[in-house]
Structures are given as structure tokens and as C-alpha cells.
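Trainee: I have a structure to go through and would love some company. Could we take it one question at a time?

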Amino acid sequence: PWARPGLGVSTATLRRPCRRNPCGAAKTERPDRRGFRFAAAGQLSSSPRPQREKLQVAASASKAAVQLQNGLSLQSSQYVVPEDVRAAGFQIDADELTSIVESRDTERLTEHGQLDGIADKLATSLTDGISTREGLLGQRQEIYGVNKFAESEPRSFWEFVWDALQDTTLIILAACAFVSLTVGIATEGWPNGSHDGIGIFASIILVVSVTATSDYQQSLQFRDLDKEKRKILVQVTRDGFRQRTLIDDLLPGDVVHLAVGDQVPADGVFISGFSLLLDESSLTGESEPVDVNEDKPFLSSGTKVLDGSGQMLVTAVGMRTQWGKLMAALTEGGNDETPLQVKLSGVANIIGKIGLFFAVLTFIVLSQELIGQKYHDGLLLSWSGDDVLEILNHFAVAVTIVVVAVPEGLPLAVTLSLAYAMEKMMNDKALVRQLAACETMGSATVICSDKTGTLTSNRMTVVKACICGNTLEFNDPLSSLSSELPEVAVETLLESILTNTGGEVVIDQNGKQDIIGTPTETALLEFALSLGGNYKQKRQESKIVKVEPFNSVKKRMTVILELPGGGYRAHCKGAAEIVLAACDKFIDGSGSVVPLDKKTANLLNDTIETFSSEALRTLCLAYRGLEDGSTQEEIPLQGYTFIGIVGIKDPVRLGVRESVASCRSAGIAVKMVTGDNINTAKAIARECGILTDGGLAIEGAEFREKTPEELLELIPKMQVCHSSVLSWLRKSIHLVNSHVLVLCN
């Protein structure tokens, strides 16, 4: 009943896959007539709403079918390990693993020994991961498959030729050419009567050749681009070492580390973590985030981590995952004509109809005298060769009107102009998946760009710090800093950085120390190691009891530690102005904890503004002691002791200033949209050439207080704004004087 037409899911998807071919021979989408969708089956359409609706319906139907099937057959027979799986050294096959996670069956998970039992049957370790000894990875791949989606077969050049021939204008021209050629030869003979028809056919061949060649080249380039896009690195633990590996190389049994913003790369089971929150709307359509913990341990590929962090044990990869099955069941459709081509097709139809009307009218006017004379003489059924030739001449005149009315050079001009624009953009390293992008970019008047990672290089380093009331610059190794600061301040600073972090210091296979984490976390950990900190020792000394991960709403990250000598301590870090506002004490130059008076607070706020004006990202570190019972409650937001402020440099990318100048000379305004400190954003914008004299930088709260009349005057001058402003612009784009916004992130 779930496989009715229109639901976007086949009966093959609803059946539990067989052991020999669990994925089925999944056929991926066939590109539409313009041929610019060449994504693998695991990638979404550029038109998210219809595709998302298909995904949600297919996901709901698939889940209902699986749950019903498992409900009917649960415990009907004892699970038997297939011989080939047992011979390979495993105790559970891919179908069983896929079924447990897809149906979210906690009872069957319990039957297999919960998480530890699954790990044992997969011949892996929850702490050390899988072994990469020679031959073992290949054996695991052979039994469980690889983390890749089925790809469509490459289209041949002649398929693109056929697609190009479907153009309405070309069909009209082909009909005119055939009639013109036939009538011309009949009336004027060969070769004089064939010139017009052959000329039109030559124009059609040229248009089709240019269009098909351009589309075919794009298909090849985008297949290469799709392969590059799959080169996503994920953090896994293998052979006891935490390392980065390609998402395509993931295998069942891998221990994957997840953080905020990550996309779950495969189906799996939760191992451990803190406040792990997933967005499953792409699969289920439910907007409410889903908590993942020991009681609800199942994770599906394609979902996104909204909050928290954790580790998962991979159980299914590639086409065996729920995401892979849904993408195999869906096909992608729609019209890929550009807006200009749609309008031109309409114009060609109108011109063709008008031309046909006047051609028929002309033929009737020219022929009515001859036909009238025949009727008057009673010779309507008696026609001589001269009479037929005269009628053919009249018909040739009518055909000429149609041929002249339909401009055969119009599709050629459009095709050549779009192909030229596409080629120029490709020379600038901008691949164009849809021809409409050329028109959009050509009409753009405003570019809204993110800051971090787009205008800047996203390679961060701590270059300044304010500790114990002293502002220090770091251009050289920092080991000497330890002697300049009180020992208690250095110890507290190191404890704060090394325990309250989403990154990790690991030893790779070569015995070298490596830092894994976001650029900000990496910069802080490098800073702590330069001060002489020992990551492994500090993490062993202090047990982490509770974690509140960083997110863009709270703009802070907090952990609670159980100290070696007893007691608890909370460490907090985040946006400098927010964390500083939560502090009522600070560590002074002698290492003593003293009350934070108004004068000192003003000095620290001035330091934050100074760092920000120098294009530095500022983070504040603080801590506070806790009573034993408070660890079970919410982490406190006030009463912290200020440790220090760090200024992190994120250099501007090479060539950004020149690119901004090129846009401005072309009449395109560039605006920065960022969630960072407004002073930091202004400094970076000046360095990039975005913020000029007379330009405005505005925060979201100030922007929302303006009236519509004030906004009409404000928006053209706005050059730097908070990211919350962008959501308002999307809803009220008419206030931007019909500017075309191109969003870069």
C-alpha cells in the first residue's frame, strides 16, 4: 500500500533487501533536456522544495514498511550468521545491521549484545577502532560494501544532440526548411530552388552542434567536479589513532567523531557524547531536533548535527544506508531551460502563429482569383500543369512569409552568447551547472559574502592576549611567557584551554603530534602547547562531567570538571563581550583572585574593542567553582572568574581586495554578512576594501529597530551587517530596489 504511484518509492525499496544484492541495481536520475544535472544519486536537486517533499514522503513510507515488516517477523527465527560472513571473521552481516538501524529496533540491538556486542561482531574496538592491517580493510569492504552512491552512466554526445533538437524554435525552423526545400525544388528546380531550405538546415545544424558540444563538455567537467565534492574528510579512530579519512573510505566498524555542523556520513549507533542533537528534517520532514543518547542511539546518514558532540559506530555505508536507498528510489525531473530560453520559445511560438496566419491569408488572397475563375467556368476538377505551377508559386510565397517571420538566427545568437558567457566563467574557475546562472550573474548588482573562510583564509593563530591585566603580543615561540605570568594564572589558563575544547591533540602513525579540530580550536590548542601544556596529562588529571558545546546562539562553550583533589569547576569560553559580562572576579598580576570592579571591566572592554579593531577574533576564558550537587543542574551563566582574552588572527585571502575592486568597477556592490564581532568585521572589511568612506556597518539589533522609511535610505549605504539582517533581506527583497543578491558562503 505504500508503493502507490506518485509516492516516489518503489516496492523494491520497501522490501528487505536480499543478502546477495542488498542495494538492488539502483538507477540514478536521467538528466533533463538541457542536461545540466549530473550529480550522483546521493546528491540533492538544486530545487529543494519538490525534492524535499519526495524525500519526506519516501522516508515516511519506507520507515512504515520496515516497521510493519519487522513487527510481523520479529523473533520469528533465530538469527543465523551467513557462512561467508563467518569465514571473513565477522559475526553479523550487512542486512542485519542495516535492518536494526533503519527500523530503530532496540530489542534486536539488545539481542546482539547492545553496542559492545555489535562492536565485537564487527571485529572492532569502541576505543581503538578497526584495524588497518593489510588485507583486513579489503575483506571488510567485500562483506559490507563501500560508502559510495551509485552513479548514472555518462551520457553520450548523441544524446545531447537529441536534447538540443527538442527546442521549439528549431522544430519550427526544420518544418519551414523542409517545406521550403520541397517547394523550391518543385518550382525552381535543383539547385536554384534549394538555397533557402539548405541555408535554414545549415543554421539548425550549427545551433545543435554548438549546444550539444557545450552541454557535453559541461557534463564531463561536472562529473569530475562531483568526484572532487566527495573528497570530504571525516575524523575517525583507527588502530588507536584519531585521524582524518575520506568519507568514501568509511567502513562498518569505524568510530566516527561528530561535532556541531557535521553531516552524519553513514548509518550508525551512538557510542558516547554530550548533548548530541540532530536535524532529521531532510529525511522525515520533522522540524523538531532529535536527541541522540544511550536510550535513542540510532543515527541516519544525511542528517546534520545541530548541537553537541559525540562518537558513533558505523553500521551501514553507501547504498545500504537509509539515505542511499531513498536517493536510489527517487528520480530527478523538471525543466532546465534558462529564463531567457523560455521567453524566446514563447516569442518563437507567437511569431510562428502570426507568420502562419498571414501565410495562409496570403495564399488565399493569391489563389482566390484562379480558384474563382475555375469555379465560374465549372472546371474545379480539371487542372493543367500551368495551374498547378501557379498554385505552387502561391504556396512558395506563403512559405517564404513563414520562413522570414521565424528568425533562424535567434536561437543561434542565444546559444552562442550563453556558451561564450559559460566559457568565460569557466576560465575564472567558476563552473556553471545551469545556463541560468550566466544570466543571474550578469544581472547581479549586489554580492553578499560571508567573512570567515570566504574573505579570510580560515587559518587562525593567537597573536595577542590579555592575561592578568597585561596585554601581550606573540610573534615568536611562547614558552618564555610562562615565566612572565603568575604560575597559578598559567595553570588555570592551560586547564581552561586543554579541557574546554572541541579539538584534540593526537599522535599520528608517524609518531608526530597533530591537532584536530576547527581552526579556532586549533589556534587555542597551539597556543596552550606553546605555553608548555600537556594535553594528554591534563585530560587524564581532570574528569569531564558535563559539556555544553558551542553554538551560534549561545556563543559560548562550557564544561564541568571533577578535580583530582575533589570538588568541581566550570570552565567557560566564547564571545569576549558575553563571557566578560558573566564575570565578577579576575586574576590580577600577582595571581590572586580579586573582585572585578567597574574600572577594570571598562579596561577589559576597551581591550576587546582594540583587538577587534585590529581585525582579531576575540575569545574570553573564565572559570568558577561549583558545589557537588550543582553538577546535576543547569550550568550557571554568572559568577565566573576572568582568566584572559585571546586575539586570533585570520588573515585575508590573497586577491580578495583586487576582486572587490573589480566588482566595484563593474558596478557590483560587495557587502559583508557575518555573525562575528562588529568591530572585527569592520576591520576586515576595510582591509578587503569593502567598507569605504560613507559606508555603514550595522548590527542586527540596531537594524531591526529601523522603520521601513529609514531602511530605504539605509540599505544602499550598508556595507557590513550582521547575519541576522540577511534573513530579513530575503523576506523583504523589494526594499533593496529590486537588486539581485548573490549570496557567497
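Trainee: Taking contacts with a separation of 6 or more, what share in the protein comes from residues 24 or more positions apart?

Mentor: Before the number, note that this is a predicted model, where local features need pLDDT of at least 70 and side-chain atom pairs count only at pLDDT 80 or more, while totals for chains, interfaces and linings use all residues. Residues are numbered from 1 along each chain as its sequence is written, and side-chain values use heavy atoms, with hydrogens and water left out. Contact means heavy atoms within 4.5 Å. Among contacts in the protein with a separation of 6 or more, the share from residues 24 or more positions apart is 71%.

Trainee: How many helices and strands does the protein have?

Mentor: Both are DSSP runs numbered from the N terminus: helices are H or I with at least four residues, strands are E with at least two. On that basis the protein comes to 27 helices and 23 strands.

Trainee: What percentage of the residues is buried?

Mentor: Buried means under 20% relative accessible area, exposed over 50%, and partly exposed in between, using a 1.4 Å probe and protein chains only. The protein has 745 residues, and the buried part of them is 46%.

Trainee: Which element gives the most residues to the largest nonpolar core?

Mentor: A nonpolar core is a set of buried Ala, Val, Leu, Ile, Met, Phe, Trp, Tyr and Cys residues joined through side-chain atoms within 4.5 Å. The largest one has 30 residues, and V462, L493, I497 and F527 have the most contacts inside it. Two or more residues each come from strand 9 (461-467), helix 18 (487-499), helix 19, strand 18 (616-626) and strand 19 (640-649). The top contributor, with six residues, is helix 18.

Trainee: Leaving out residues up to four places away in sequence, which residues does I497 touch?

Mentor: I497 is one of the residues with the most contacts inside that core. Leaving out residues up to four places away in sequence, its partners are L524, L525, F527, A528 and L621.

Trainee: How many residues are in the other core that lies apart from it?

Mentor: Its members include I560, C583, F586 and L626. The size of this other core is 24 residues.

Trainee: Is T520 buried or exposed?

Mentor: T520 sits in helix 19, which spans residues 519-530. Beyond its neighbours within four places in sequence, T520 contacts M460, R617, L619 and I648. Its relative accessibility is 16%, so T520 counts as buried.

Trainee: How many disulfides are there, taking a disulfide as a pair of cysteine sulfur atoms within 2.5 Å?

Mentor: The cysteine sulfur closest to that of C448 is in C721, at 6.5 Å, which is too far for a bond. For C466 the closest is in C468, at 8.9 Å, again too far. C448 is buried at 5% relative accessibility, and C466 is buried at 2%. By the disulfide rule, the count is zero.

Trainee: Which residue of strand 5 touches L276, L277 and K296?

Mentor: Strand 5 covers residues 290-291. The residue in question is partly exposed, with a relative accessible area of 40%. Its C-alpha atom is separated by 10.0 Å from that of L306, 15 residues apart along the chain. Not counting residues up to four places away in sequence, the one touching L276, L277 and K296 is D291.

Key. Disulfide = S-S within 2.5 Å.
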